[in-house]
Structure formats: structure tokens, C-alpha cells
Amino acid sequence: MITDAFRLYTHKIVRDHERQSTARWAEAPGPGHAGPEKGSLGAGRPPDNRLVDIEGFVRDGYLAIRGAVAADVAAACADEIWAALAAEGVSRTDRRTWTRPCVRVSCPEGPAFAAAGTSPALTSAYDALLGPGRWTRRAGVGGTVPVRFPSEEDPGDAGHHIEGSFRGGGEGWVNVRSRARGLLALFLFSDVGPDDAPTRLVLGSHLWVPRVLAPAGEAGMSFGPVAARLPPSVLSRRTVEATGRAGDVFLGHPFIVHTATWPHRGTAARLVAQPGIEVADGFSIDGSDPSPVARAIVAGLDKDR
Ligand SMILES: O=C(O)CCC(=O)C(=O)O
């Protein structure tokens, strides 16, 4: 059941599954992509947000928030990412340096990323999906940016997985309450079309993960083997590719199965940051936690299949 508090926080957020079709990824940008007002980073008009479909998030495991980050902010973030790539010997203007299919950098910090990470459309969405104020506020985006370059080569890091949430035994660990991780976020800092090696999300896969995690109890398990322990049919479910414009952000359930894709047959580098949105502890899974993330976990544990 959705409480009134959650309804209040959902009125500004885009739920945008319809715009996922590859034919429409480059449709005309909404007002969120309007140019900046003079003088201040990110002062463009607010995004064309509409009602968020919380039930769609619980069912499918993701939301796309179009224009979550203003166009000028996304462009400033892209500049910073290119500066970080330069330190790796990769030049924005000299394609001869684009020799690897993927170069992963830590997401830079600084004012542009602080503006991106605290965009009102996103903080409203975090409140709606996790519970008002329940997530860890951060003046930045965080995570890594796997930058993917046009290439026919296997990048070596593609494969279905869920993300780890906390350190356990020296690697990414995850438990059924999703200790520490509230969401998976994909911040598009470049336009990403269907040829540009978009991240692929397996719809509804998050509902199958709790049953894999439950036997591991509070201690949890390494995130690595989780996808392989799912019924094989889960990986044959419908998928959606995280395509869109620079400034769009996809928010995924912490248990959504996803994969990098290759080859990248586009022409431009794909810049997507992939941070976790942290929650201090995790979610209650006894049915008392009204957040959509917790409701999906409970649905996954309860579902009679
Ligand atoms: O780069 C991508 O499309 C996804 C990468 C990913 O899921 C990861 O590095 O965990």
C-alpha cells in the first residue's frame, strides 16, 4: 500500500517506460533540456516531470527520469570526465587515443557533480522510492564512470549481475534487506543511443533476487554469483536499454539484474556514471516498510510462482 506521504513525493517525477523504444530515444527534449539561465550552473527550467508510476517501479524495477540533470550541468560533468580520461591518456579530440573499448574512471567530484547529484527531480525521486530523507545526501554523484568507446572489441566487463552493496570479505556483498544500497543510478552524461553500448536492464528481475539472497540471511553473500543462481528464464525476460539524452537518469531497484552491452557501434564516447544511492541501513522486509524498494523485496519473497 502506498502511504499519502509517498504520494506527496511522487508528483514531480517522470515515469517514462514508453519512451524506451529505441526508435524514440532521440525525441525532442523536454524543457529540462532548455538552456541555462544566465549566470548559474543548472538554472535551466525544471524538467517536464509528470506523475511517477510507483507501481511500475515495483513491477519492472526501474524508472527513467528525463532531464533530471540540466543540460549545462551534464555538459560540465562531461568536461570533468574528459579531464579524468586525459589522465589515463585518452584525449577527447584525438580518436587515435581511443584504443580500449572501455576506460573506467572514478566519478569526479566538484560543483558540477554536486549540482547533478542534488537535482530536485532526483531528490524527490529518492524520497518517493526510498522514503523521505532516508537516503544519504551527498554533494556529488559518486561511483565509477565506465566510458565506452566505439569498438568491435569485447570490453571484458559485460555480464548479467546485480551490484554489491557493502564490503564483506574484501568484495561487494549484498543481503536481502539491501543493507546500505537504496538504488542503482545511471547518470547519462552523454547522449546514449541504441548503438552506443547502453546498459541493459532485465525487467522484473529484481523480484527474483530476494529468494536467492534470503538463505544467506543478514550476513549476505557476494554479489558475484547471484545472477547465476536465478532461474535461467529470468535472463530471458524483457529488457530495456538505458538510452536517452545527456541529463537523463535511470533509477533501478538495488536488485535489478543488468549488463553492459557491446559492441559500441556508435560514433561518440558513452559517458554514464553508475553510483549507488545509499541508505544508512537497509529495508525492513516484514511488510512494515512502505517504501517501493522494500515492497518489491517483500513481493519477491512472497510471490507464489
Ligand atoms: O557500463 C555499463 O553499461 C554497465 C556497467 C556495470 O553494470 C558495472 O560496471 O557494474
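## Sheets, helices and ligand shell

Strand S5, which covers residues 171-174, pairs with S8 in the antiparallel sense over 2 bridges, and in this pairing Val-174 has Met-221 of S8 as its bridge partner. The structure described here is a predicted model. Both strands belong to an open sheet of 3 strands, ordered S4-S5-S8 and antiparallel in its pairing. Its edge strands are S4 (166-168) and S8 (221-222), each of which pairs on one side only.

A further open sheet, also of 3 strands, runs in the order S9-S7-S11 with antiparallel pairing, and here the edges are formed by S9 (239-241) and S11 (258-259), each pairing on one side only. Strand S7 (residues 200-202) is joined to S11 in the antiparallel sense through 2 bridges, with Arg-200 standing opposite Thr-259 of S11. In general, the strands of a sheet pair through backbone hydrogen bonds, in either a parallel or an antiparallel manner.

The two strand pairings can be set side by side as follows.

| Pairing | Sense | Bridges | Facing residues |
|---|---|---|---|
| S5 and S8 | antiparallel | 2 bridges | Val-174 and Met-221 |
| S7 and S11 | antiparallel | 2 bridges | Arg-200 and Thr-259 |

Turning to the helices, H3 comprises 16 residues (71-86), and because a rise of 1.5 Å a residue predicts a span of 22 Å, the distance of 23 Å between its end C-alpha atoms agrees with what is expected. The buried residues of H3 are Asp-72, Val-73, Ala-74, Ala-76, Cys-77, Ile-81 and Leu-85, and these buried residues pack against strand S2 (102-106), helix H4 (111-117) and strand S3 (144-148).

Helix H5 (residues 120-130) is mostly covered, with 9 of its 11 residues buried. The buried positions in H5 are Ala-121, Leu-122, Ser-124, Ala-125, Tyr-126, Asp-127, Ala-128, Leu-129 and Leu-130. Just after H5 comes Gly-131, whose phi is positive, at about 120 degrees.

The remaining topic is the ligand, around which lie Pro-146, Asp-157, Thr-199, His-258, Ala-260, Val-272 and Gln-274. By residue class, this shell divides into 3 nonpolar, 3 polar and 1 charged. Two of the elements described above recur here: Pro-146 of the shell falls in strand S3 (144-148), against which the buried residues of H3 pack, while His-258 of the shell falls in S11 (258-259), an edge strand of the sheet ordered S9-S7-S11.

Terms used
Residues are numbered from 1 along each chain as its sequence is written. This is a predicted model: local features need pLDDT of at least 70, side-chain atom pairs count only at pLDDT 80 or more; totals for chains, interfaces and linings use all residues. Two strands pair if DSSP finds at least two bridges between them. Helices (H or I, at least four residues) and strands (E, at least two) are DSSP runs, numbered from the N terminus. A residue is near a molecule or strand if its C-beta atom, placed from the backbone, lies within 6 Å of it. Ala, Val, Leu, Ile, Met, Phe, Trp, Tyr, Cys and Pro count as nonpolar, Asp, Glu, Lys and Arg as charged, and the others, Gly among them, as polar. The expected span of a helix is 1.5 Å times one less than its number of residues. A residue is buried if 20 or more other C-beta atoms lie within 10 Å of its own, exposed if 12 or fewer, and partly exposed in between; C-beta atoms are placed from the backbone. Two residues are in contact if their C-beta atoms, placed from the backbone, lie within 7 Å.
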